[in-house]
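User: Could you walk me through this protein model step by step? I am new to reading structures.

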Amino acid sequence: AADAENVGEVLARRYGDAFEKTVLFVTMAREAGVEASLVLIAGRDRGEVGQNAPDLSLFDTFAAAVKNGGEWTWYDPGAERIPFGMVSALSEGIHPNALVITSRDSRSRGGKLPVSERSTTVRPQHLLHTVPVSPSSRNLLTREATVTIDADLSGTVEVTESGTGHAAVAHHLRYAKRSPDERTRSLVADLHAGMPAAELLSVAFTDVDEIEKPLTIRFQIRSPSLASAAAGLILLPGSIFDQGRLNPFAAVKRT
């Protein structure tokens with residue numbers, strides 16, 4: 001489909017690409033009396049942006065910014081599964097990486113951004129900011145496990161695995177848009193990296209195609225050597241899912 005000419009056309013169509021959704025978000029915020037702007041972003045893999053003369057070729061994506069209490073907050077309404085109030089992981093930066101477009105294009109009508117304008121000329125009114133890195137507490141992959149140990153120290157583990165924030169996005173990208181067999185093979189490969197002898201007994205993927213819900217995996221595995229015995233005690237490893245991985249901190253000297 002052709003690019004929309006304005007946000008009214010996006011609303012009439014009831015769909016839009018990532019850029020059109022972002023401009024619609026900014027326009028609706030402005031119409032509600034909120035200071036909002038389109039933002040050009042240089043991803044963390046693009047290098048450091050010069051503050052005095054930023055190189056426009058470094059800016060490879062876009063987002064939205066809203067002024068809240070004198071500070072900008074950042075949104076990515078065009079991206080799937082990114083939580084409200086966050087942007088993609090590569091859009092977060094430790095250096096100034098966001099060009100906030102504070103001026104309104106002279107060709108816009110009624111104060112609205114022209115959706116068809118997909119290139120921007122830097123003007124003095126544009127401001128360079130840093131999109132803060134989101135806290136780790138918002139980006140967690142969680143495994144809840146119930147472990148049953150048998151007399152021969154083998155064991156069965158029932159697991160529920162789900163993520164939040166960027167971890168949820170990565171989880172979705174790993175398993176969504178694949179056939180059931182491909183998902184299962186990917187899960188088994190991940191499990192065998194830390195538990196080489198584990199056998200997958202059952203697996204169920206939930207909310208694979210849901211945009212607003214995290215993908216959840218429930219699976220059951222069996223391991224012939226889940227625990228060990230010493231001095232009359234049954235010992236479990238600190239992380240049963242990583243017992244077969246090499247210790248990255250074993251070397252006395254590391255570079």
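Analyst: Happy to help; what follows is a set of short questions and answers about this predicted model.

User: Let's start with the open sheet. Which strands are its edge strands?

Analyst: The sheet has five strands in the order 3-2-1-4-5, with antiparallel pairing. An edge strand pairs on one side only. The two that do so are strand 3 (71-75) and strand 5 (127-129).

User: How many bridges join strand 4 to strand 5?

Analyst: Strand 4 covers residues 98-101 and runs antiparallel to strand 5. One pair to look for is Ala98, which stands opposite His129 in strand 5. The number of bridges joining strand 4 to strand 5 is three.

User: Which helix packs on this sheet?

Analyst: Look for a helix that touches strand 1 (36-41), strand 2 (61-68), strand 3 and strand 4. Its direction makes about 150 degrees with that of strand 1. The helix is helix 2 (residues 18-31).

User: What is the phi of Gly69, in the turn between strand 2 and strand 3?

Analyst: Strand 2 and strand 3 are antiparallel and joined by five bridges; within this pairing, Ala65 has Trp74 as its bridge partner. The two strands form a hairpin with two residues between them. In that turn, Gly69 has a positive phi of about 65 degrees.

User: Now for the inside of the protein. Which strand gives the most residues to the largest nonpolar core?

Analyst: This core has 16 residues, and Val157, Phe219, Ile221 and Phe241 have the most contacts inside it. At least two residues each come from strand 7 (155-163), helix 4 and strand 9 (216-223). With three residues, the top contributor is strand 9.

User: How many residues does the second, separate core have?

Analyst: You can find this core through some of its members, including Ala4, Val7, Leu38 and Leu99. Its number of residues is 14.

User: Is Thr156 buried or exposed?

Analyst: Thr156 sits in strand 7, and residues it touches include Thr146, Leu201 and Gln220. Its side chain also makes a polar contact of 2.8 Å with the side chain of Arg222. The relative accessible area of Thr156 is 16%. Buried means under 20%, so Thr156 counts as buried.

User: Which residue makes a side-chain polar contact with Ser186?

Analyst: Ser186 lies in helix 4 (residues 180-194) and is buried, at 10% relative accessibility. Leaving aside neighbours within four places in sequence, Ser186 is in contact with Arg174, Tyr175 and Arg178. The side-chain polar contact, at 3.4 Å, is with Arg178.

User: How far apart in space are Ser186 and Arg174, C-alpha to C-alpha?

Analyst: These two residues are in contact, although 12 residues separate them in sequence. From C-alpha to C-alpha, their distance is 8.0 Å.

User: How many residues of helix 3 are buried?

Analyst: Helix 3 (residues 165-175) is mostly covered, and what covers its buried residues includes strand 6 (141-149), strand 7, helix 4, strand 8 (199-206) and strand 9. Among the buried ones are His166, His171, His172 and Tyr175. Of the 11 residues in helix 3, the number buried is eight.

User: One last thing: which residue just after helix 3 takes a positive phi?

Analyst: Follow the chain on from the end of helix 3, at residue 175. Just after the helix you will meet a residue with a phi of about 60 degrees. That residue is Lys177.

Technical notes
Residues are numbered from 1 along each chain as its sequence is written. This is a predicted model: local features need pLDDT of at least 70, side-chain atom pairs count only at pLDDT 80 or more; totals for chains, interfaces and linings use all residues. Side-chain values use heavy atoms; hydrogens and water are left out. Helices (H or I, at least four residues) and strands (E, at least two) are DSSP runs, numbered from the N terminus. Buried means under 20% relative accessible area, exposed over 50%, partly exposed in between (1.4 Å probe, protein chains only). Contact means heavy atoms within 4.5 Å. A polar contact is a pair of N or O atoms within 3.5 Å; within protein, one must be able to donate a hydrogen and the other to accept it, and residues adjacent in sequence count only if both atoms are side-chain atoms. A nonpolar core is a set of buried Ala, Val, Leu, Ile, Met, Phe, Trp, Tyr and Cys residues joined through side-chain atoms within 4.5 Å. Two strands pair if DSSP finds at least two bridges between them. Axes are lines fitted to C-alpha atoms, for helices over the stretch in contact, and angles run from 0 to 180 degrees between N-to-C directions.
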